[in-house]
Structure formats: structure tokens, C-alpha cells
Amino acid sequence: MRHSYEFLLQALFARIAHLPRCSTLQGAYECLQTSWLQVNQEHESSRRMLHHVLTRSLCAEHGWQNLDGDPCRKESDHQPGVWVNLHRNGSIVFERVLPEGGSTILFAHPGTGVRMPKGPIVLSGTHSAW
């Protein structure tokens, strides 16, 4: 059965909300990737989608921006305007950037690591599986 991106996103939020907090950027990425893969497997996403999620990494070539800053971020290719932000302290934040400016937080999972100074946010996006 095909589910909407919004349905899968809500399932992702529910899964992450029950997981222990992360303490690093890499830990947040691994939590996000593992959880997204599990959600897609449970809801019978296509083999192509599963392969895509499995082969992603936290790098500019896969659409991540501001990798040296805090947060680094990536825009969803399934829902333009939805961004995932990963912080160096392990926080995971999803936001919807509004066309008229500003944004709305859709989900936040706080990290346990030391808070780092916030770097610049780049709003021009590339696409991904998120």
C-alpha cells in the first residue's frame, strides 16, 4: 500500500520521539537514517526508495548543506519546503519553510551534547529522500 509522504513523516516523528536522545551530529544522522529506513520498510515503500535510503550518507553530494556549520540541513524532495536540520549537539529538527518567509517547526528531538554556536542557514535547496 502506498502512503503519503505526510503519513510517513508522522510515522518517522513518532519513531524518533521514542528513541534516546543523540549527543552528536553523526549520531543524529544515524538515528534519522535508520528510523527513515524502518518506517519505509514497515509501510512497504518501493525497493527503489529503500535502496535510495540505504545508500545515502551525510555529505554535500547527497544534498546536505552547511556541513561545517550548525545546523547542517537538507530539503525534502518529496515535500518542497520541508527541511531536516541536524545539530552538532544531536538535535533533530524538521521545519516547514514558508514561501512568504519564516518557518514552522514540525518536529524537534533535542540532543544531549554541548550546544555549539549556530552557523548560517542556507535556504536554497537540493533534493533528497527525506
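How many bridges join S2 to S3, and in which sense do the two strands run? In this predicted model, 5 bridges join the pair, and the strands run antiparallel. S2 and S3 belong to an open sheet of 4 strands in the order S1-S2-S3-S4, with antiparallel pairing. S1 and S4 stand at the edges with a single partner strand each, so one side of each lacks a neighbour in the sheet. On average, and with direction ignored, neighbouring strands of this sheet are turned by 20 degrees against each other.

**Strand pairing and hairpins**

- S1 and S2 run antiparallel and are joined by 4 bridges; within this part of the sheet, Lys-74 stands opposite Val-84 in S2.
- The hairpin of S1 and S2 has 6 residues between the strands, and Gly-81 takes a positive phi near 95 degrees there.
- Between S2 and S3, Leu-86 stands opposite Ile-92 in S3.
- The hairpin of S2 and S3 has 5 residues between the strands, and in this hairpin Gly-90 takes a positive phi near 95 degrees.
- S3 and S4 pair over 6 bridges in the antiparallel sense.
- Two residues that face partners in S4 are Val-93, which stands opposite Ala-108, and Phe-94, which stands opposite Phe-107.
- The hairpin of S3 and S4 has 5 residues between the strands, and Gly-101 adopts a positive phi near 110 degrees in it.

**Strand S2**

- S2 is largely enclosed by the rest of the structure, because 5 of the 5 residues of this strand are buried.
- In a regular strand, side chains alternate between the two faces of the sheet.
- In S2, Val-82, Val-84 and Leu-86 point one way, while Trp-83 and Asn-85 point the other way; all are buried.

**Helices on the sheet**

- H1 lies across S2, S3 and S4 and runs at about 40 degrees to S4.
- H2 also packs on the sheet, where this helix touches S1, S2 and S3; the direction of H2 makes about 135 degrees with that of S2.
- H2 covers residues 25-42, a total of 18 residues. From first C-alpha to last, the helix reaches 26 Å, close to the 26 Å expected at 1.5 Å a residue.
- The buried residues of H2 include Leu-25, Ala-28, Tyr-29, Leu-32, Trp-36 and Val-39. Polar residues are also listed as buried there, among them Gln-33, Ser-35 and Asn-40.
- An α-helix has 3.6 residues a turn, so residues three or four places apart point the same way.
- The packing partners of the buried H2 residues are helix H1 (5-17), helix H3 (47-54), strand S1 (72-75), strand S2 (82-86) and strand S3 (92-97).
- Just after H2, Glu-44 takes a positive phi of about 55 degrees.

**Buried polar side chains**

- His-109 is found in strand S4, which covers residues 103-109. Its relative accessible area is 6%, so His-109 is buried.
- The side chain of His-109 reaches the backbone oxygen of Leu-19 at 3.4 Å.
- Leaving aside residues up to four places away in sequence, His-109 touches Ile-16, Ala-17, Leu-19, Pro-20, Arg-21, Gly-90, Ser-91 and Ile-92. Two of these contacts recur above: Gly-90 has the positive phi in the hairpin of S2 and S3, and Ile-92 stands across from Leu-86.
- Asn-66 is found in the loop between H3 and S1. Asn-66 counts as buried because its relative accessibility is 19%, and the cut-off for buried is under 20%.
- A polar atom of the Asn-66 side chain lies 2.7 Å from the backbone oxygen of Pro-71.

**Cysteines**

- A search of the whole structure finds 0 disulfides.
- The closest cysteine sulfur to that of Cys-22 is in Cys-31, at 4.3 Å, which is too far for a bond; a disulfide requires sulfur atoms within 2.5 Å.
- Cys-22 is buried, with a relative accessible area of 9%, and Cys-31 is listed among the buried residues of H2.
- Cys-72 is likewise buried, with a relative accessible area of 0%.

Conventions
Residues are numbered from 1 along each chain as its sequence is written. This is a predicted model: local features need pLDDT of at least 70, side-chain atom pairs count only at pLDDT 80 or more; totals for chains, interfaces and linings use all residues. Side-chain values use heavy atoms; hydrogens and water are left out. Buried means under 20% relative accessible area, exposed over 50%, partly exposed in between (1.4 Å probe, protein chains only). A polar contact is a pair of N or O atoms within 3.5 Å; within protein, one must be able to donate a hydrogen and the other to accept it, and residues adjacent in sequence count only if both atoms are side-chain atoms. Contact means heavy atoms within 4.5 Å. The expected span of a helix is 1.5 Å times one less than its number of residues. Two strands pair if DSSP finds at least two bridges between them. Axes are lines fitted to C-alpha atoms, for helices over the stretch in contact, and angles run from 0 to 180 degrees between N-to-C directions.
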